[in-house]
Amino acid sequence: LGKSTGVYTAGTSTLVLTLCRGTTPSAAKIVVASTPYTIQFGITNPSIAQASPSIIISASGSAPFVTVNVTKPGTEIGGVVGGADPLKIVEPALTTRSIEQSSVMISAVNTITASIAANVGIYLPDDPAPQGGTYVSICCLLNAIVSGDAVALSVRGGGNVPALCKDAAGTDGPGWGAWDATMFGVTMYLCPGENRTNEIVANAEFVVSFNITNPGESQ
């Protein structure tokens, strides 16, 4: 094994790192006392949500060491409290997803209002860019009538509210959603913004409204 390789045992979820032997006694590799070392390695997260497990560290060699629990940072990642704790896994979900209308009359202008919140932050990652952009889509407003390929949006909330555009490039600026007349739906892209200056904040509900025209007959 190379000097940058550890041995992982899946059955016990254990990673073992072994000091490399030097070619001569004077070249022997050692862990220097009271010197901090940082080790990084990549894994693939499991496909189900879970709390951060109890993680222990041990050592063996020229001195006896007691097996102890590691210290976890407890800081947030993606708006998830404690998200930096290893192997805390959250399944992304839209925890608030309600919708209502303002009119039941045929051929009337109808304001559709949706309340939305997610349990994780939704933002534009620097790399890799998500295929098709970062967006929220509301589909299947059957037989709704919209003139053109976009609807004007009103977005509000109790704190930071996302700037929403009709495409990933931010064409025409914020305050627009792309209308799909085939699917009777609106797609609202996060407008471009660097360093997470524009995002859907985790667990922060926001409300978006737009107008459609009701169909000319009952349904």
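Let me start at the hairpin of E12 and E13, which has 4 residues between its strands. Phe-184 takes a positive phi there, near 50°. Keep in mind that this is a predicted model, so every number I give is computed from that prediction.

Now the strands of that hairpin. E12 covers residues 176–180, and E13 covers residues 185–190. The two pair in the antiparallel sense, over 3 bridges. If you want one residue to find on screen, take Ala-178, which stands opposite Thr-187 in E13.

Ala-178 is also useful for the next pairing. Which residue is its bridge partner in that case? That is Ala-150, whose partner in E12 is Ala-178. Ala-150 brings us to strand E9, residues 150–152, which pairs with E12 in the antiparallel sense over 3 bridges. E12 therefore has E13 as a partner and E9 as a partner.

Next, the chain as a whole. How many helices and how many strands does the secondary structure come to? The count is 0 helices and 15 strands. The radius of gyration is 26 Å, and the globule rule gives 17 Å for 219 residues, so the chain is more spread out than a compact globule. The box filled by the C-alpha atoms, taken along the principal axes, is roughly 90 × 30 × 30 Å.

On to an open sheet of 4 strands. The order is E5-E6-E15-E10, and the pairing is antiparallel. Why is one side of E5 and one side of E10 left without a neighbour in the sheet? Both stand at the edges with a single partner strand each, so there is nothing in the sheet on the other side. From one strand to the next, the twist averages 20°.

Within that sheet, E5 and E6 pair over 7 bridges, in the antiparallel sense. One position to look up is Arg-97, which has Ile-116 in E6 as its bridge partner.

The loop between E4 and E5 holds Gly-83. Setting aside neighbours within four places in sequence, Gly-83 is in contact with Thr-75, Glu-76 and Ile-77. From Gly-83 to Leu-15 it is 68 residues in sequence and 22 Å in space, C-alpha to C-alpha.

Last item, the second largest pocket. Its space is about 280 Å³. There are 18 lining residues, and those closest to the centre are Gln-101, Asn-110, Asn-214, Pro-215 and Gln-219. The elements giving two or more residues to the lining are E5, residues 94–101, and E6, residues 109–118. Which element gives the most? E5 does, with 3 residues. By type, the lining divides into 10 nonpolar, 6 polar and 2 charged residues.

So E5 comes up twice: at an edge of the open sheet, and in the lining of the second largest pocket.

Key. Residues numbered from 1 in each chain as written. Predicted model: local features only at pLDDT ≥ 70, side-chain atom pairs only at ≥ 80, totals over all residues. Heavy atoms only, no water. 1 Å grid on protein atoms, 1.4 Å probe; cavity = no way out; pocket = protein on both sides within 12 Å on 5 of 7 lines; lining within 4 Å. Points joined across faces, edges and corners; volume = space filled by probe spheres on them. Nonpolar A, V, L, I, M, F, W, Y, C, P; charged D, E, K, R; others polar. Contact = heavy atoms within 4.5 Å. Pairing = 2+ DSSP bridges. Axes fitted to C-alpha atoms, helices over the stretch in contact; angles between N-to-C directions. Rg over C-alpha atoms; globule rule 2.2 N^0.38 Å.
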